[in-house]
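Subject: Structure handover

Hello,

Here is the structure I promised to pass on to you. My notes follow below it, grouped by topic so that you can read them with the model open.

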Amino acid sequence: MEKGDILGHEGVGILEEAGDAVELREGTKVVVPFNIACGHCFMCERQLQSQCETTQNVEEGKGASLFGYTKLYGHVDGAQAEYLRVPMAHYGLIPAPPGVPDEILVLMADVLPTAWQAVAYADIPPGGTVGVWGLGPIGQMCARIAYLRGASRVIGIDRVPARLAMAQRHDVETIEFSVVDEPEEEVKRLTDGRGVDSAIDAVGMEASGSAVEKVLSAIKVKPDRVHALKSAIAGVRRGGTLSIIGVYAGPMPGFPLGDLFDRQVAVRMGQANVRRYTREILACVTEHRRDLALDDFVTHVVPLDEAPAAYRSFQEKEDGIVKLVFRP
Ligand SMILES: NC(=O)c1ccc[n+]([C@@H]2O[C@H](COP(=O)([O-])OP(=O)(O)OC[C@H]3O[C@@H](n4cnc5c(N)ncnc54)[C@H](O)[C@@H]3O)[C@@H](O)[C@H]2O)c1
Ligand SMILES: [Zn+2]
């Protein structure tokens, strides 16, 4: 990132001015997916919009460009602003269904398709049990979508009280990893000693390790970045599926490949292909809005000029923040 970069991965707005290739009329309310994709290349034809070959960042060795997401992914200004320039708008923009509030529409840009993909990749057997590591916005929505898609039991792991409480309101059995040192052992205890059919890592490389974290940060050593991932690997049953939706970058020393092999765990991962799930995410905000309890999700709506303080509270997970939306 550079000073002056505009963040913002998720956007809702009114189409003010459109290029010739855009069929939508000016004045239409639209949702802006976080991937920037062309819609017609080899990858887009295969519904892998996060790998779009037209917007791929070849010099950096990275996939498709993303809004508000560093030089590695195109250095494209994001949506936390009054106006947003949308490249590839002929394909990217999703017209907003009528009657859905902005706080819910915005979930179509990232949270809903990301969680939808995480659950699809988790390949949950009918009536199966799912473990969700991390109950931030993504983990919360994974839990709800897992139930919607037929899981019979969701076990969630986090340590932030407001997040554990939100998950419990939606029938998730929770494990507090600051209390239980090895949450995977608790997961196994709850599943006849085997582990869950499917595990979702919704933490990524900013994981907190429990017991050693304080010591490490005191001596300025980064906590184990694969802490949550290792726990999810240990908590999935033999022959089960691991879906990694949390973001990882670079080599991960200590990654237990041999355990995955021995235990025959299938693994899928990657950035969400937002446009692939348009039909499903439209149904989420319309017909499944109540099943997914979308009205109990966004905890804070804040004007953009209060963003610095809001970022601080979000980072510190203060004030019951689960999902925060800016209103420019
Ligand atoms: N693949 C994609 O397309 C995509 C899209 C959106 C977000 N993401 C990624 O998904 C991840 C989750 O996003 P978010 O917005 O919910 O983030 P978040 O930081 O709000 O939530 C992560 C949660 O994980 C918890 N956590 C930390 N260490 C843990 C551990 N060891 N075990 C269990 N829980 C632990 C934290 O307390 C926190 O509540 C991030 O890595 C984010 O970058 C990926
Ligand atoms: Zn493409």
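**Two loop residues with positive phi**

Asp192 sits in the loop that runs between H7 and S7. Please keep in mind that this is a predicted model. The phi angle of Asp192 is near 55°, a positive value in a residue other than glycine. Most residues other than glycine have a negative phi. Asp192 has a relative accessible area of 69%, so it counts as exposed.

Gln264 also has a positive phi, of about 55°, although it is not a glycine. You will find Gln264 in the loop between H10 and strand S9 (266-269). With a relative accessible area of 64%, Gln264 is exposed.

**The zinc site**

Which residues coordinate the zinc ion (ligand 2)? The donors are the SG atoms of Cys38, Cys41, Cys44 and Cys52, at 2.3 to 2.4 Å. Along the chain, these donors follow the spacing C-x2-C-x2-C-x7-C. Cys38 belongs to the loop between strand S2 (29-32) and H1, while Cys52 belongs to the loop between H1 and H2, so this pair ties together parts that are 14 residues apart in sequence.

The arrangement around the zinc ion (ligand 2) is tetrahedral, because its 4 donor atoms subtend angles of 104 to 116°. Cys38 is buried, with a relative accessible area of 1%, and Cys52 is buried too, at 0%.

**Salt bridges**

How many salt bridges does the structure hold? There are 14, and here are some that you may like to look at.

Lys71 forms a salt bridge with Glu2, with 2.8 Å between the closest N and O atoms. This pair links distant parts of the chain, 69 residues apart: Lys71 is in the loop between helix H1 (42-45) and helix H2 (89-92), and Glu2 is in the segment before strand S1 (11-14). Both ends are partly exposed, with a relative accessibility of 46% for Lys71 and 39% for Glu2.

Asp197 forms a salt bridge with Arg237, and their closest N and O atoms are 2.7 Å apart. Here, too, distant parts of the chain are linked, with Asp197 in strand S7 and Arg237 in strand S8, 40 residues apart. Is Asp197 buried or exposed? Asp197 counts as buried, at 17% relative accessibility, because the cut-off for buried is under 20%. Arg237, with a relative accessible area of 24%, is partly exposed.

Glu45 forms a salt bridge with Arg46, the closest N and O atoms being 4.0 Å apart. Glu45 is exposed at 57% relative accessibility, and Arg46 is partly exposed at 43%.

There is also a network of salt bridges, which links Lys29, Asp102, Glu103 and Arg327.

**Helix H9 and what packs against it**

Helix H9 covers residues 227-235, and its buried residues are Ala228, Leu229, Ser231, Ala232, Ile233 and Gly235. What do the buried residues of H9 pack against? Their partners are three strands and two helices: strand S4 (129-133), strand S7 (196-201), strand S8 (236-244), helix H7 (183-189) and helix H10 (257-262).

**Pro137**

Pro137 is in helix H5, which spans residues 137-148. At 15% relative accessibility, Pro137 counts as buried. Leaving aside neighbours within four places in sequence, Pro137 is in contact with Val111, Arg163, Phe297, Val322 and Lys323. As for its place relative to H9, Pro137 and Ala228 are 91 residues apart in sequence and 16 Å apart in space, C-alpha to C-alpha.

**A sheet of three strands**

The model has an open sheet of 3 strands, in the order S1-S2-S3, with antiparallel pairing. S1 and strand S3 (94-95) stand at the edges and each has a single partner strand, so one side of each is left without a neighbour in the sheet. S2 and S3 pair in the antiparallel sense over 2 bridges. Which residue in S3 is the bridge partner of Val30? That partner is Pro95.

Happy browsing, and best wishes!

Key
Residues numbered from 1 in each chain as written. Chains lettered and ligands numbered in written order. Predicted model: local features only at pLDDT ≥ 70, side-chain atom pairs only at ≥ 80, totals over all residues. Heavy atoms only, no water. Buried < 20%, exposed > 50% of the residue type's maximum accessible area, 1.4 Å probe, protein only. Helix = DSSP H or I, 4+ residues; strand = E, 2+ residues; numbered from the N terminus. Contact = heavy atoms within 4.5 Å. Salt bridge = Lys/Arg side-chain N within 4 Å of Asp/Glu carboxyl O. Donors = N, O, S within 2.8 Å, 3.2 Å for Na, K, Ca; no water. Tetrahedral: all angles 85-135°; square planar, octahedral: opposite > 155°, others 65-115°. Pairing = 2+ DSSP bridges.
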